[in-house]
Amino acid sequence: MNEHYKFELKPLPYAYDALETQISDQTLHFHHDKHLQTYVDNLNKALENQPQYQSWALEELLKRLDELPESIRTAVRNNGGGVYNHQLYFDGMAPVTTTMPHGKLKDAIVKTFGSLEEMQKQLKTAATGRFGSGWAYLVCNSDGQLEIMSTPNQDTPLAVGSCPVLIVDVWEHAYYLDYQNRRPDYFDSWYMVINWDMAEQRFEQCCCK
Ligand code: MN
């Protein structure tokens, strides 16, 4: 993601009802149009009087949080992280049955975890085990190895040198309208709408540097 200030809300790459039965039209409207818009607006607000950081790409800002002035560090961490994580999350989904795990990513998952099912199981454990709000991921770590991880709030794997291949939002706003307190059911539904073509692309970007 190379875009920099002034950040804009990217439209969803599918119709609002495209994931219906897994994730509702209503959830996507609130989640994308309201929640993500707020992160975009607040990130822009944090940077509006900081011309020296306006040319920094989003990933740069999040990798180099420690170099930012204290007055904007938390705002960039929370809102920049919110923009980064959500863009990958929305881009990472597609209507059911469009793709299946395939290619180099599938091979790497089997090599690392033993099977696709084992990776899915470990990712679900990370997603359901995250206390409070946060995210779960399949990442490529700084050694180029696949790994399951989780972050609280809007923190990103970039801060520890890892790169997200799969990403699932486990904030209640991601599922409460459709699943109420049933985060495990939401995870199972999310897993059905993973855009595996995108995941393969992310794998190339993250693990084949
Ligand atoms: Mn969210």
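What residue follows helix 4, and near what value is its phi? In this predicted model, helix 4 is followed by G114, and the phi of G114 is positive, near 95°.

## Helix 4 and its packing on helix 8

Two packed helices are described by the angle between their axes and the distance between the axes. Helix 4, which spans residues 103-113, packs against helix 8, residues 196-207, at an angle of about 75°, and the two axes are 8 Å apart. Because angles from 65 to 115 degrees count as roughly perpendicular, helix 4 is described as roughly perpendicular to helix 8.

On the side of helix 4, the contact is made by G103, K104, L105, K106, A108 and I109, while helix 8 contributes W196, A199, E200, F203 and E204. Sorted by class, the residues in this contact comprise 6 nonpolar, 1 polar and 4 charged.

## Buried and exposed sides of helix 4

Four names make up the buried set of helix 4, namely L105, A108, I109 and F113. Viewed down the axis of helix 4, these buried residues fall within an arc of 105°, so they line one face of the helix. The face turned away from that buried side carries D107 and K111, both of which are exposed.

The elements that cover the buried residues of helix 4 include helix 8, already described as a packing partner, together with helix 5 (116-129) and strand 1 (134-140), strand 2 (146-152) and strand 3 (163-169). Two of the buried residues of helix 4 that also take part in the contact with helix 8 are L105 and I109.

## Salt bridges

Side chains of opposite charge can pair when their charged atoms come close. In this model the count comes to 9 salt bridges, among them one between K63 and E59, whose closest N and O atoms are 3.7 Å apart. Both K63 and E59 lie in helix 2 (residues 58-63), with a spacing of 4 residues, about one turn of the helix. As for accessibility, K63 counts as partly exposed at 48% relative accessibility, whereas E59 is buried, with a relative accessible area of 18%.

A further salt bridge joins the side chains of E67 and R64, with an N to O distance of 2.8 Å. Within this pair, E67 is partly exposed at a relative accessible area of 44%, and R64 is likewise partly exposed, at 28%.

The side chains of D155 and R77 also meet in a salt bridge, at 2.8 Å from N to O. Because D155 lies in the loop between strand 2 and strand 3 and R77 lies in helix 3 (residues 70-91), this pair ties together parts of the chain that are 78 residues apart in sequence. D155 counts as buried, at 15% relative accessibility, while R77, at 40%, counts as partly exposed. Salt bridges that share partners also join E60, R64 and E67 into one network.

## The loop residue N49

N49 is found in the loop between helix 1 (25-47) and helix 2. With a relative accessibility of 63%, N49 counts as exposed. Measuring from C-alpha to C-alpha, N49 and G134 are 29 Å apart in space, and they are separated by 85 residues in sequence.

Key: Residues are numbered from 1 along each chain as its sequence is written. This is a predicted model: local features need pLDDT of at least 70, side-chain atom pairs count only at pLDDT 80 or more; totals for chains, interfaces and linings use all residues. Side-chain values use heavy atoms; hydrogens and water are left out. Axes are lines fitted to C-alpha atoms, for helices over the stretch in contact, and angles run from 0 to 180 degrees between N-to-C directions. Angles under 35 degrees count as roughly parallel, over 145 as roughly antiparallel, 65 to 115 as roughly perpendicular and the rest as oblique. Contact means heavy atoms within 4.5 Å. Ala, Val, Leu, Ile, Met, Phe, Trp, Tyr, Cys and Pro count as nonpolar, Asp, Glu, Lys and Arg as charged, and the others, Gly among them, as polar. Buried means under 20% relative accessible area, exposed over 50%, partly exposed in between (1.4 Å probe, protein chains only). The arc is that of the directions from the helix axis to the C-beta atoms. A salt bridge is a side-chain nitrogen of Lys or Arg within 4 Å of a carboxyl oxygen of Asp or Glu.
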